Structures are given as structure tokens and as C-alpha cells.
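Please examine the following structure with a view to how its parts are arranged and joined. The explanation after it moves from one chain to the other and then to the contact between them.

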Amino acid sequence: MAHLAAVNEADFLALRKLLDLSDGNLSVHTTVLESKGYIECDKSFVGRKPRTTYRITPSGRRAFEEYVAALEGILRGSVDPTGR
Amino acid sequence: MDKAEAAEDIKLIREVMETSARYTNFSGISGIIAGTLALLGCGATYWVTLALPGVLLIRSYVIIWVLVLAISIFQDFALAQRKARRRGEDYFTPATAQVYKAVLPGIFVAVVLSIRALTLRELDAIPALWCLGYGAAICAAGRFSVREARIFGAVQLISGAIGLFLFATPPESLYFLAVTFGVYHILFGLILTRKYGW
């Protein structure tokens, strides 16, 4: 999500290389994020090669920013890290 | 999640975003091509200086350097987009937008001063003015890119300042232009290609 927040859009191969994950592992993560509506998936062809591109959605960007804000809150001590 | 885990997460997120947000879609090959075009432009300028008088010289100067600039920008844009596609990324990212916004003031200053120098027929001051404007633009854009871009911008700025006082007469101004826009771009392009690929 951090990478997509910075570049808006990246394809499967670029994300796999960046995150150093296997195809299956990355697919699991992207499926979860897509099911939550945080990213959109676009499947296309470049010549004969399939290309899967992921783009962060507005709600995904909001969720990511809220997550970062929550982390910063924990560090500042203003947010209870146990979630209570 | 405890504070240590939160700190670790934030650190990782910041590292990824800083790396991802840097503009790295520049092409080293594009720098080499731009430098070569500048050298060809200097050659053409030398020839028209010998062959053409007065107003025709100024018009030829404008045509030559507008062409060099247009082709340089076009090939840089095309190669940068190609690099982004090869990496599986979108070219028009927030980092790209920041770079474009950052270069505009420096380029605007270079254009305005060049036009004024042309109307005053001070052709020999133009190379140094270009260095100053271009150097300022690259220094500003370099804040959102790699260290080498900031160094290149600083080198252009310093060269422009020196050139305005020491190399603003013929034929030194043309040699100065060949070095700062020709040789510098080729060297910078070779360094970028070696470090970041083509």
C-alpha cells in the first residue's frame, strides 16, 4: 500500500520484485486488499503477454493514511496500542 | 501492537514511500542523446556564424536551438515513459508531477532572459543564462530525485555564474555552450546509465 500510495499504479511484476514475494503470496495480499476496495485490479495484454496492474483507490488511500496516523498516534502515546 | 512494532512499521513505510516517490524514470541514454544534440547545435551555430550576417544569424540561432530543445525534450519524455513501462509503473506519478512543477520557474527565467538577450543582440550571454536557469530548474527538481541530479544542477548553476563573467564573448561563449550542454550532458548520461541502467 505504501508503494501504491507513492506511485498510484504498479503492475504485478513490479510489486513482486519490490516486495520480494512469491506469486502466490503477493496474490493473497492483493486479493484481500481488492476485496476491501483498497486497490483496483486491471488485467490487460501487452502483445500476447498478460499484464495485471494495481491502482490504489480513494478509500484505499484514506485507509492507508488513517493507518499511518494511528501508528504515529501510538508512537506519540496518544493512542492505546492495545486498541482499548 | 506495541510502540516498537509501530515504530518499525512507520520506518518501513517511510523508506518505501521515499524510495517510491523519488523520480527515477530519467534515462541515462537520453542525457547522452541530449548532449550529442547540443554538440551538433554548437556545430551548426559555428557554421551559421561564419556564413550569415546580422538578423539572419539571430533567426538561425533561434531555429537551431529551438529544434535542439524540442528534440531533446521529446526524446527525454519518450525514453522516460519507456523506462516506466519497462518497470511496470505509471509514468505520471505524484513524483513526476512534483518534478515538472519544480523545473518550471527555472525554465521560465531562462526563457525570459534569453528573449531579452536576443532583443538586445547579446547572443554570447545566452549560453550562461541558459546554464543558470537550467541549473536552477534541475537543482529544484533534484529534491524529488536522485543525488546525481542535484549535483548536476549545482554544476550547471556554478558554470553559468562563471560563464556569465568569463565566457560571454565570442568564440568562448560557443565553446562554453558545447561544454556545459554537450559534454556535461554526455558525462551525466553515462554516470546515470552506469548507476541506474538505461
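The paragraphs below describe the sheet of chain A, the helices of chain B and the contact of the two chains. The model is predicted.

Chain A may be approached through its sheet. This is an open sheet of 3 strands in the order β1-β3-β2, with antiparallel pairing. Its edge strands are β1 (9-11) and β2 (39-46) of chain A, each of which pairs on one side only. On average, neighbouring strands of the sheet are turned by 25 degrees against each other, direction ignored.

The pairing can be followed strand by strand. β2(A) is joined to strand β3 (residues 49-56) of chain A over 8 bridges, in the antiparallel sense. Along this pair, Ser44(A) stands opposite Arg51(A) in β3(A). Phe45(A) has Pro50(A) as its bridge partner in β3(A), and Cys41(A) has Tyr54(A). The hairpin of β2(A) and β3(A) has 2 residues between the strands, and Gly47(A) takes a positive phi near 65 degrees there.

β3(A) also pairs with β1(A), in the antiparallel sense and over 3 bridges. Here the bridge partner of Ala10(A) in β3(A) is Tyr54(A). Tyr54(A) is thus a partner both of Ala10(A) and of Cys41(A). This agrees with the strand order, in which β3 stands between β1 and β2.

A helix also belongs to this picture. Which strands does helix α3 of chain A touch as it packs on the sheet? Helix α3 (residues 23-35) of chain A touches β2 and β3 of chain A, and its direction makes about 125 degrees with that of β2(A).

Chain B is built otherwise: it has 7 helices and 0 strands. From the N terminus on, its elements run α-α-α-α-α-α-α. The C-alpha trace of chain B spans about 75 × 30 × 25 Å along its principal axes. Of the 198 residues in chain B, 34% are buried. Among contacts in chain B with a separation of 6 or more, 74% are accounted for by residues 24 or more positions apart.

Two helix pairs of chain B show how its elements pack. Two packed helices are described by the angle between their axes and the distance between the axes. Helix α5 (residues 126-142) of chain B and helix α6 (residues 147-166) of chain B pack at an angle of about 155 degrees, with their axes 7 Å apart. Angles over 145 degrees count as roughly antiparallel, and α5(B) and α6(B) are therefore roughly antiparallel to each other. Their crossing is left-handed. Residues of the contact include Ala128(B), Leu132(B), Gly135(B) and Cys139(B) of α5(B), and Phe152(B), Gly153(B), Gly160(B) and Leu164(B) of α6(B). By class, the residues of the contact of α5(B) with α6(B) divide into 15 nonpolar, 7 polar and 1 charged.

α6(B) packs in turn with helix α7 (residues 172-196) of chain B, at an angle of about 170 degrees and with axes 11 Å apart. That angle makes α6(B) roughly antiparallel to α7(B). On the side of α6(B), the contact is made by Glu148(B), Phe152(B), Val155(B), Gln156(B), Ser159(B) and Gly163(B). On the side of α7(B), Phe176(B), Thr180(B), Tyr184(B), Phe188(B), Ile191(B) and Leu192(B) take part. This contact of α6(B) with α7(B) has 7 nonpolar, 4 polar and 1 charged residues. Phe152(B), Gln156(B), Ser159(B) and Gly163(B) take part in the contact of α6(B) with α5(B) as well as in that with α7(B).

One loop position of chain B may be added. Phe92(B) is found in the loop between α3 (54-86) and α4 (94-119) of chain B. Is Phe92(B) buried or partly exposed? With 14 other C-beta atoms within 10 Å, Phe92(B) is partly exposed, because a buried residue requires 20 or more such atoms and an exposed one 12 or fewer. Phe92(B) and Leu177(B) are 85 residues apart in sequence and 32 Å apart in space, C-alpha to C-alpha.

Finally, the two chains meet. The contact takes 17 residues from chain A and 18 residues from chain B. On the side of chain A, the elements that give two or more residues are α1 (2-7), β1, α2 (12-19) and α4 (58-76). The residues of this side divide into 12 nonpolar, 2 polar and 3 charged. The strand β1 of chain A thus appears both among these elements and at the edge of the sheet.

Key
Residues are numbered from 1 along each chain as its sequence is written. Chains are lettered from A and ligands numbered from 1 in the order in which they are written. This is a predicted model: local features need pLDDT of at least 70, side-chain atom pairs count only at pLDDT 80 or more; totals for chains, interfaces and linings use all residues. Axes are lines fitted to C-alpha atoms, for helices over the stretch in contact, and angles run from 0 to 180 degrees between N-to-C directions. Helices (H or I, at least four residues) and strands (E, at least two) are DSSP runs, numbered from the N terminus. Angles under 35 degrees count as roughly parallel, over 145 as roughly antiparallel, 65 to 115 as roughly perpendicular and the rest as oblique. A crossing is left-handed if the near helix is turned anticlockwise from the far one by less than a right angle, and right-handed if clockwise. Two residues are in contact if their C-beta atoms, placed from the backbone, lie within 7 Å. Ala, Val, Leu, Ile, Met, Phe, Trp, Tyr, Cys and Pro count as nonpolar, Asp, Glu, Lys and Arg as charged, and the others, Gly among them, as polar. Two strands pair if DSSP finds at least two bridges between them.
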